[in-house]
Amino acid sequence: MPKDILNNLKLKDSRTISRSISMVENKEDGYLDLLSTIFPHTGNAYRIGITGPPGSGKSTITDQLVKLILEKKISVAVIAIDPSSPFNGGAILGDRVRFVNDFKNINTFFRSMSTRGSQGGLANSAKLVADIFDASGFDIIIFETVGVGQVEIDVIEAADSVIVTLVPESGDDIQMMKGGLMEIADLFAINKSDRQGADRLYTSLNKALELNNNEFWRTPIVKTVATRGDGIQLLYDQIVNHKEYISNSNKRFEKLDKRYIKTIKFYVSDILTDKFWTEEIDSRLNKELKQDYNKRISPFEMANFLIKK
Ligand SMILES: Nc1nc2c(ncn2[C@@H]2O[C@H](COP(=O)(O)OP(=O)(O)O)[C@@H](O)[C@H]2O)c(=O)[nH]1
Ligand SMILES: [Mg+2]
């Protein structure tokens, strides 16, 4: 029963959390009831997105942030998203296995997600998994993604604070700035600052950001050496600053509203699509497929025809 599940989630029972995640990912019977039951208990966790090119140190930064957050007696859940990975769930944990606990009242939880095993689309699933962590009472949720595709952008847009990681050897700085990362970043981390070129990147990034800054928020750039933990406290402090900024400026409510609307729109399409594809519709389509390509009704007319059927 969703109510029992909710109670166990609130105890941060790791088995219930895992079970609920699978239920949502696989759209098992009752998953929408579960999501509806937990909904009033969501919207409390602070959501941080970390994105950037592969190898720039996202995982290392995430691990360091988690360590720091736990020292502060704050609970944190991590959702690592990798659309290209063939693995899912606990398969790729490697040395991150230490995050996986088998107790009640755990204060950290690690989950990796890939396209496989995400029935409702990866970005949507990741957000629903975050809702499960949210209802379980985790204070902070970190989404870690490779910042390239639409899936990642969708996930990142749902975060309250977005950190973009760069490295000195990103080289062609201007190129990456055109890649849309400038617009989504609330904070930048120049990681691997132990390497040459960090200062140069800092200067050019700072210059480029002048256009982005508003009266109330100057996008901070933090130099980090994640492997040593250097700059992580500063990065965390800037996240806290950003949290204050969006809380005081109503932006947090705007973000919640956006998330709410987006979820409704997603499910309207989802429900209508599911209802629409009856056997009759399928067989009408299959009939058309038997015709030579150029003799077929155009896909646009076909869509209209099927909808009116
Ligand atoms: N020199 C140096 N290496 C780092 C630093 N941060 C991470 N690395 C290394 O860079 C590699 C990629 O890091 P990872 O966190 O897996 O990057 P991700 O692909 O963005 O998640 C690993 O071998 C890390 O040990 C850093 O600040 N300096
Ligand atoms: Mg990684």
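In this predicted model, helix H4 (residues 58-71) packs against helix H9 (residues 232-248) with the two axes 10 Å apart and at an angle of about 75°. That angle makes H4 roughly perpendicular to H9, because angles of 65 to 115 degrees count as roughly perpendicular. On the H4 side the contact involves Gln-64, Leu-65 and Leu-68, and these meet Ile-232, Gln-233 and Tyr-236 of H9. By class, the residues of this contact are four nonpolar and two polar, with no charged residue among them. Two packed helices are described by the angle between their axes and the distance between the axes.

These two helices belong to a protein chain with 12 helices and seven strands. The chain has 309 residues, of which 36% count as buried. Among its contacts with a separation of 6 or more, 76% are between residues 24 or more positions apart.

The strands come next. Seven strands form an open sheet, and their order across it is E3-E2-E4-E1-E5-E6-E7, with parallel pairing. The edges are held by strand E3 (108-113) and strand E7 (221-223); each has a single partner strand, so one side of each is left without a neighbour in the sheet. From one strand to the next, the twist averages 20°.

Within the sheet, two pairings can be followed residue by residue. Strand E1 (residues 46-52) runs parallel to strand E4 (residues 140-146), and seven bridges join them. In this pair, Tyr-46 stands opposite Ile-140 of E4. At one edge, strand E2 (residues 76-81) pairs with E3 over six bridges, again in the parallel sense. Here Ile-81 stands opposite Met-113 of E3.

How many of the six residues of E3 are buried? Five are, so E3 is largely enclosed by the rest of the structure. This holds although E3 is an edge strand with a single partner.

Toward the other edge, helix H8 (residues 198-209) lies across three strands: E5 (161-166), E6 (187-190) and E7. The helix runs at about 175° to E7.

The last feature is the ligand site. Ligand 1 is surrounded by 13 residues, and the closest are Gly-57, Lys-58, Ser-59, Thr-60 and Ala-226. Helix H4, described at the start, spans residues 58-71. The shell around ligand 1 contains seven polar, three nonpolar and three charged residues.

Notes: Residues are numbered from 1 along each chain as its sequence is written. Chains are lettered from A and ligands numbered from 1 in the order in which they are written. This is a predicted model: local features need pLDDT of at least 70, side-chain atom pairs count only at pLDDT 80 or more; totals for chains, interfaces and linings use all residues. A residue is near a molecule or strand if its C-beta atom, placed from the backbone, lies within 6 Å of it. Ala, Val, Leu, Ile, Met, Phe, Trp, Tyr, Cys and Pro count as nonpolar, Asp, Glu, Lys and Arg as charged, and the others, Gly among them, as polar. Helices (H or I, at least four residues) and strands (E, at least two) are DSSP runs, numbered from the N terminus. A residue is buried if 20 or more other C-beta atoms lie within 10 Å of its own, exposed if 12 or fewer, and partly exposed in between; C-beta atoms are placed from the backbone. Two residues are in contact if their C-beta atoms, placed from the backbone, lie within 7 Å. Two strands pair if DSSP finds at least two bridges between them. Axes are lines fitted to C-alpha atoms, for helices over the stretch in contact, and angles run from 0 to 180 degrees between N-to-C directions. Angles under 35 degrees count as roughly parallel, over 145 as roughly antiparallel, 65 to 115 as roughly perpendicular and the rest as oblique.
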